[in-house]
Amino acid sequence: MADQATAQEFDILVLGGGSGGYAAALRAVQLGLTVGLVEKAKLGGTCLHNGCIPTKALLHSAELADHARDSAKYGVNVTLDSIDINAVNAYKDGIIAGKYKGLQGLIKSKGITVIEGEGKLQGTDTVVVNGTATRARTSSWPPAPTPARCPASKLAARSSPPTRPSPWTTSRRAPSSWAAA
Ligand SMILES: Cc1cc2nc3c(=O)[nH]c(=O)nc-3n(C[C@H](O)[C@H](O)[C@H](O)COP(=O)(O)OP(=O)(O)OC[C@H]3O[C@@H](n4cnc5c(N)ncnc54)[C@H](O)[C@@H]3O)c2cc1C
């Protein structure tokens, strides 16, 4: 594309910074890869901003109200005067804000590059965000773990370690149930 800026390159590009996306990005960094994380709204996605976290905060307030209303049953005399929904929402928003700040700090501290904007896939290894193409080095490094390119015997016989730990050569065991299948 003529109007596209020069591509940035990462070992791994993650599209979407929700629970799934940021967990994948953090794991990739643990494995020694460089990571670009594309997010069009807010890091944390549905769970942090609209799903799990806000619902649990609201449920906590509701549970407290329930306990207060039924307190005499437990020998505690408390009266439930009213529910201040603005204060309930402020409590919920405070929880979200704290966790959002923590997540942003974690992502930054791990060296993950957050690319703000809506990503559009272009080809197999490129995502375009705000007219800028970003590439994932999937075709050059790390090598795909196909049997033809990466047989177990060659991995075992390797004389020198790779410059970076390869995610494909970490020892992982299949669940024992697989063996029976
Ligand atoms: C009310 C509610 C309560 C829930 N409670 C729980 C719970 O208690 N426990 C639980 O385990 N799960 C719960 N969930 C489910 C949980 O929220 C989802 O499983 C989780 O958010 C899925 O994560 P995800 O990363 O796949 O998607 P999302 O969290 O939806 O993240 C996707 C992200 O990608 C971004 N994105 C999408 N397209 C693009 C693009 N083209 N370019 C850039 N960015 C893009 C979005 O902005 C978003 O941030 C709840 C969901 C809801 C709605």
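**Talking through a predicted fold**

Of the 181 residues in the protein chain, 16% count as buried. Keep in mind that this is a predicted model.

Trainee: How many helices and strands does the protein chain have, and what pattern do they follow?
Mentor: Start with the tally: the protein chain has six helices and seven strands. Then read along the sequence, and you get β-β-α-β-α-α-α-β-β-β-β-α-α.

Trainee: What share of the contacts with a separation of 6 or more joins residues 24 or more positions apart?
Mentor: Here we look just at contacts in the protein chain with a separation of 6 or more. Among those, the part from residues 24 or more positions apart is 64%.

Trainee: How far apart should the ends of helix H4 be?
Mentor: Helix H4 covers residues 85-109, which is 25 residues. We allow 1.5 Å a residue, and the count used is one less than the number of residues. The end C-alpha atoms sit 36 Å apart, which agrees with the expected span, 36 Å.

Trainee: How many residues of H4 are buried?
Mentor: To be buried, a residue needs 20 or more other C-beta atoms within 10 Å of its own. H4 is hardly covered, so to speak: of its 25 residues, the number that count as buried is one.

Trainee: Which residue with a positive phi follows H4?
Mentor: Look just past the helix for a phi near 80 degrees. The residue there is Gly-111.

Trainee: Which class supplies twelve residues of the shell around the ligand?
Mentor: In total, 20 residues surround the ligand, and the closest include Gly-16 and Gly-18. Helices H1, H2 and H3 and strand E3 each supply at least two of the shell residues. By class, five are nonpolar and three are charged, while the twelve are polar.

Notes
Residues numbered from 1 in each chain as written. Predicted model: local features only at pLDDT ≥ 70, side-chain atom pairs only at ≥ 80, totals over all residues. Near = placed C-beta within 6 Å. Helix = DSSP H or I, 4+ residues; strand = E, 2+ residues; numbered from the N terminus. Nonpolar A, V, L, I, M, F, W, Y, C, P; charged D, E, K, R; others polar. Buried ≥ 20, exposed ≤ 12 C-beta atoms within 10 Å, placed from the backbone. Contact = placed C-beta atoms within 7 Å.
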